[in-house]
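Reader: Could you walk me through this structure? I'd like to hear how you decide what to call things.

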Amino acid sequence: MSDQPNILFIMADDHASHAMSCYGSRINRTPNLDRIADEGMRFDNCFCTNGICTPSRAAILTGTYNHINQVTTLATHMDNRLLTYPKLLQEAGYQTALFGKWHLGQGPEHEPTGFDDWRVLPGQGLYHSPVMIDSAGQRVHVGYVTDLITDMSLQWLKERDTSRPFCMMVHHKAPHREWQPDAKHATMYEGEEILEPETFNDTYENRSAAAGAARMRMEDLQWKDLKADVPSGLSPAEEKSWRYQRYIKDYLRVIASVDDGVGRLLNHLEEEGIVDNTLVIYTSDQGFFLGDHGWFDKRFMYEESLRMPFVLRFPREVKAGSTCDDMILNVDFASLFLDLAGVTIPDEFQGRSFRPLLHGERPEDWRTSMYYRYWMHGDGAHNVYAHYGLRTHDHKLIYFYNDGCGQKGSGDETHPPEWELFDLQADPYEMCSIHGNADVAGVQSSLTDELHDLQAQLQDDRYHLDT
Ligand code: SGN
Ligand code: CA
């Protein structure tokens, strides 16, 4: 029997860590997701390198940043000939499978490769009775998407060849917009008032123009999101709160079914007796604004969308109830999986295996800063401006270059570039940029150098006005 572990990678879509009780959520409980953290390790500083779906998924599969894999926006689909970790695991004897959201494109050049079995939603997919595509074609699957994905995953686990290790990716659609709960959770939170976040009434002062320009405010939520007409006679502040309650309750309801589904998968691993040798991960492709700064959606390098939830259980190597605050990134996952499987990590993978962190050991040269780039400039709907930046444990430096740079899916309008700098210790909600303040000139200049060095090291190009 090989000691290559099984890998069960569960990823939700748009699930922010502040909507998970193991991360201290003040608004919901996620008992089954918490089980993974309680019996394993919770990572408190897991970040995405581009806070949007298609690019983050490409980074996870290929272990490379988006300027390398060319999947920069939602409109740039992944070339399925790229080297990915499932392909390497497959070559190393693993059985590989993928169920759920793919969102890296359709057709022969973009459909999933490297999987023995796969069935995916086209694009974003539907919550109720979705069409799903597999190697045999496409058909409607009757039922609720979260349950369907869980059922398919369980069935595959039961039917697989148990003499070989497996790697299964379970990619939920939930809790992506437009947050349609199933009947079982439809009335959850009824009659309750969900707490509004501290920054709910942000007025976007003391920052660059980008924060104020984004169209992701409560007032930008549409009927399909709210599923009701706004009651008449409300003041603007009352209407904003009403919109938040409509939005956040459905968001939390669809998470409750994901939590149930994860519980069923965990139970199955126990029943089969493979808990010890199975790495289980729960994460999301990026974070989300839960009314924070008055917003929904993601895209910005601000904390709520930059941060990915990441909990992992692997009893063979990880102590129950442990936490880690070292920085890990979506580009690192592929290298970890290959490391655990005993497969050589290709030189072109830019991420790093964080296996030592699982054992509570931090390599001396572990990263203390990370690079982020959001390319989908002014997309027409959300209007988030293009930016790149550096996050350290204490600071965040952002350069809004405000230019689509010809990337598909970006808008044509440009705006003068602007910098932001936040002291994350003094200002954890990033409400006041201190860029240009005389008393931080030293920090600012060393962070700027570090940003440019890291960018060069990762082989990305500096914007031409960033000199
Ligand atoms: C859809 C949503 C957007 C969301 C993108 C990207 N609109 O277009 O609000 O930002 O997906 O999400 S919707 O009204 O059609 O739901 S991502 O998770 O794929 O990046
Ligand atoms: Ca997403």
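**Strands and sheets**

Reader: What makes strand 5 and strand 6 a pair?

Author: Two bridges join strand 5 (residues 117-121) to strand 6 (residues 131-134), and the two run antiparallel. Strands pair if DSSP finds at least two bridges between them, so two bridges make this a pair. One spot to look at is Val120, which stands opposite Ile133 in strand 6. By the way, this is a predicted model, where local features need pLDDT of at least 70, side-chain atom pairs count only at pLDDT 80 or more, and totals for chains, interfaces and linings use all residues. Residues are numbered from 1 along each chain as its sequence is written, chains are lettered from A and ligands numbered from 1 in the order in which they are written, and side-chain values use heavy atoms, with hydrogens and water left out.

Reader: And how do you know that strand 6 and strand 7 pair?

Author: Four bridges hold strand 6 to strand 7 (residues 137-140), again in the antiparallel sense. Val131 has Val140 as its bridge partner in strand 7, and Asp134 has Gly137. A hairpin of two residues takes the chain from strand 6 into strand 7. The strands themselves are DSSP runs (E, at least two residues), numbered from the N terminus, and helices are runs of H or I with at least four.

Reader: Why is the sheet of 10 strands called open, and which strands stand at its edges?

Author: Its order is 7-6-5-4-8-1-9-10-2-11, with mixed pairing. Strand 7 and strand 11 (322-324) are the edges, each with a single partner strand, so one side of each has no neighbour in the sheet. On average, neighbouring strands are turned by 15 degrees against each other, direction ignored. For a parallel pair, take strand 4 (residues 95-101) and strand 8, with six bridges; there, Thr96 has Cys167 as its partner in strand 8.

Reader: What makes you say that helix 1 packs on that sheet?

Author: Helix 1 (residues 31-39) touches strand 2 (41-43), strand 9 (278-284) and strand 10 (310-313), and makes about 65 degrees with strand 10. Contact means heavy atoms within 4.5 Å. Helix 8 (residues 236-272) also packs on the sheet, touching strand 1 (6-12), strand 8, strand 9 and strand 10, at about 175 degrees to strand 9. Angles run from 0 to 180 degrees between N-to-C directions of axes fitted to C-alpha atoms, for helices over the stretch in contact, so a value of about 175 degrees puts helix 8 and strand 9 in nearly opposite directions.

Reader: Which strands form the antiparallel open sheet, and in what order?

Author: The order is 13-14-15-16. Strand 13 (369-374) and strand 16 (418-423) are the edges, each with a single partner strand, so one side of each is left without a neighbour. The twist averages 15 degrees from one strand to the next. Five bridges link strand 14 (residues 387-392) and strand 15 (residues 395-400), with Tyr388 opposite Tyr399. Helix 12 (residues 441-457) lies across these four strands, at about 115 degrees to strand 14.

**Backbone and ligand**

Reader: What makes the loop between strand 8 and helix 6 worth a look?

Author: Most residues other than glycine have a negative phi, and most peptide bonds are trans. Pro175 sits in the loop between strand 8 (166-171) and helix 6 (209-213), and its bond from Ala174 is cis, with omega about -5 degrees. Glu178 is in that loop, with a cis bond from Arg177 and omega near 10 degrees. Asn206 is there too, and its phi is positive, near 60 degrees.

Reader: How do you know that Asp13 makes a polar contact with ligand 1?

Author: A polar side-chain atom of Asp13 is 3.2 Å from a ligand oxygen atom, and a polar contact is a pair of N or O atoms within 3.5 Å, so Asp13 qualifies. Asp14 also comes to 3.2 Å, and His103 to 3.3 Å. The protein covers 85% of the 460 Å² of accessible area that ligand 1 has on its own, by the Shrake-Rupley method with a 1.4 Å probe.

Reader: Which of the residues around ligand 1 come nearest?

Author: Of the 16 (those with a heavy atom within 4 Å), Lys224, Asp297, Lys298, Arg299 and His382 come nearest. By class, the shell has three nonpolar, four polar and nine charged residues, where charged means Asp, Glu, Lys and Arg.

Key:
Polar contact = N/O pair within 3.5 Å; in protein donor to acceptor, adjacent residues only side chain to side chain.
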